[in-house]
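Grab a pencil and work through these exercises with the model open beside you. Try each task yourself before you read its solution.

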Amino acid sequence: MASCKQWTVFLSLLCLVSATMAAPLKKPVAVPFGRNYMPTWAFDHIKYFNGGKEIQLHLDKYTGTGFQSKGNYLFGHFHMQIKMVPGDSAGTVTAYYLSSQNNEHDEIDFEFLGNRTGQPYILQTNVFTGGKGDREQRVFLWFDPTAAYHSYAVLWNLYQIVFLVDDIPIRVFKNSKDLGVKFPFNQPMKLYSSLWNADDWATRGGLEKTDWSKAPFIASYRGFHIDGCEASVEAKFCATQGKRWWDQKEFQDLDAQQWRRLRWVRRKFTIYNYCTDRVRYPFMPPECKRDRDI
């Protein structure tokens, strides 16, 4: 019999999902891995299934592995279905992110921090602009990310960056250039994903080390959806600016239902938010109020 806590989470999520959204996200189209992506390192640690519709990344004591998008993108909707490393995954990190390729780079990060068997995964997000990061937020997920595939997506346009888990916003980073905060808008980015050993920091600040007797550690992927404005590395603007669905007025902000979903995540599952860390930031960063992080 499910516990009261489990039923509370289930009913809360049911109410959130059942409500009608004013601006529904366009349904992603699943494609084979090779349509949009290519391996980047340790090719033999990537396994292919169902004609490339599903892949696995393998991590052992010798190496992890990773892949990247074939194209560079300025804005878009980027979606992946991932099943995380099951069992004892302490010390491992599964990363899915966008990044530009220069010193003052922009970056939009999902990092899934493994844990000991029975302990929850931590999802860490971060945003780098002009080479500056240090905007970490951490949440527990309301489901077991190792038991089945779940969707992880980024919606990025000139107005905001939205991190989504199963279409539920878990974070928003608004364009606050008018407040003196840099925003990614003129550096095309590739998508990357990797599975690697980070037991010097990933689990309990590095106290929990990777148990190599449990190797190989395996993360599974499918979907590989990219709906973005493809651009050369040198491009400074999107040639289709204002013409794509994710670039329309209804996606310049979250709608009321999406804000309610985000508040639910923050209230129930957020365990760290840089906006409230007065040791690192004696004065609250200016973007936090606009992002409704307080």
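**Exercise 1: A pair across the chain**

Does Asp178 count as buried, partly exposed or exposed, and at what relative accessibility? Then find its salt-bridge partner and say what the pair ties together.

*Solution.* Before you start, keep in mind that this is a predicted model.

Step 1. The relative accessibility of Asp178 is 59%, so Asp178 counts as exposed. The cut-off you need here is over 50%.

Step 2. Look for the partner: the side chain of Asp178 meets that of Arg290 in a salt bridge, 2.6 Å from N to O.

Step 3. Now place both ends. Asp178 sits in the loop between β12 (168-174) and β13, while Arg290 belongs to helix α4 (residues 287-290), so the pair ties together parts that are 112 residues apart in sequence.

Step 4. Check the other end too. Arg290 has a relative accessible area of 32%, so Arg290 is partly exposed.

**Exercise 2: A second bridge, and a network**

Which residue forms a salt bridge with Arg116? Work out where the two partners lie, then do the same for the bridge between Asp293 and Arg266.

*Solution.* Step 1. Start with the overall tally: searching the whole structure turns up eleven salt bridges.

Step 2. The partner of Arg116 is Glu208, and their closest N and O atoms are 2.9 Å apart. Arg116 is in the loop between β7 and β8, and Glu208 is in the loop between β13 (190-197) and β14, so this bridge links parts that are 92 residues apart in sequence.

Step 3. Compare with the cut-offs: buried means under 20%. Glu208 comes out at 17%, so Glu208 counts as buried. Arg116, at 23%, counts as partly exposed.

Step 4. On to the other pair. Asp293 and Arg266 have their closest N and O atoms 2.7 Å apart. Asp293 is in the segment after α4 and Arg266 is in helix α3 (residues 256-269), so parts 27 residues apart in sequence are tied together. Both Asp293 and Arg266 are buried.

Step 5. Finally, look for shared partners: Asp88, Arg116, Arg204 and Glu208 are joined by salt bridges into one network.

**Exercise 3: An annotated asparagine**

Which UniProt annotation covers Asn115? Describe the surroundings of this residue in the model.

*Solution.* Step 1. The UniProt record, an unreviewed entry, gives Asn115 the annotation "glycosylation site".

Step 2. Find the place: Asn115 is in the loop between β7 (107-113) and β8 (122-128).

Step 3. Is Asn115 buried or exposed? Its relative accessible area is 13%, so Asn115 is buried.

Step 4. Skip the neighbours within four places in sequence, and Asn115 is in contact with Gly87, Asp88, Ser89, Ala90, Pro120 and Thr203.

**Exercise 4: Two buried side chains**

Where are His225 and Arg261 found, and which backbone atoms do their side chains approach?

*Solution.* Step 1. Take His225 to begin with. This residue is in strand β14 (residues 217-230). Its relative accessible area is 8%, so His225 is buried.

Step 2. A polar atom of the His225 side chain lies 3.1 Å from the backbone nitrogen of Val29. Beyond neighbours within four places in sequence, the contacts of His225 include Pro28, Asn36 and His77.

Step 3. Now Arg261, which lies in helix α3. With a relative accessible area of 4%, Arg261 is buried.

Step 4. A polar atom of the Arg261 side chain lies 3.2 Å from the backbone oxygen of Asp167. Arg261 and Pro169 are 92 residues apart in sequence, yet their C-alpha atoms are 6.6 Å apart in space.

**Exercise 5: Empty space**

How many cavities of 30 Å³ or more does a search of the whole structure find? Also say which strand gives the most to the lining of the second largest pocket.

*Solution.* Step 1. The search finds one such cavity, and the largest cavity has a volume of about 60 Å³.

Step 2. Check the lining: among the residues there are Leu25, Leu155, Glu250 and Phe251. Strand β11 (residues 160-165) gives the most, with three residues.

Step 3. Turn to the second largest pocket, which holds about 210 Å³ of space. Of its 14 lining residues, Ala30, His79, Gln81, Arg222 and Gly223 are the closest to the centre.

Step 4. β5 (73-83) and β14 each supply at least two lining residues, and β14 gives the most, with three.

Notes
Residues are numbered from 1 along each chain as its sequence is written. This is a predicted model: local features need pLDDT of at least 70, side-chain atom pairs count only at pLDDT 80 or more; totals for chains, interfaces and linings use all residues. Side-chain values use heavy atoms; hydrogens and water are left out. Helices (H or I, at least four residues) and strands (E, at least two) are DSSP runs, numbered from the N terminus. Buried means under 20% relative accessible area, exposed over 50%, partly exposed in between (1.4 Å probe, protein chains only). A polar contact is a pair of N or O atoms within 3.5 Å; within protein, one must be able to donate a hydrogen and the other to accept it, and residues adjacent in sequence count only if both atoms are side-chain atoms. Contact means heavy atoms within 4.5 Å. UniProt positions are given in the numbering used here, feature names are shortened, and annotations may be inferred rather than shown by experiment. A salt bridge is a side-chain nitrogen of Lys or Arg within 4 Å of a carboxyl oxygen of Asp or Glu. On a 1 Å grid over the protein atoms alone, a cavity is a set of points where a 1.4 Å probe fits but cannot get out, and a pocket is an open set with protein on both sides within 12 Å along at least five of seven lines; lining residues have an atom within 4 Å of a point. Grid points are joined across faces, edges and corners, and a volume is the space filled by probe spheres set on the points.
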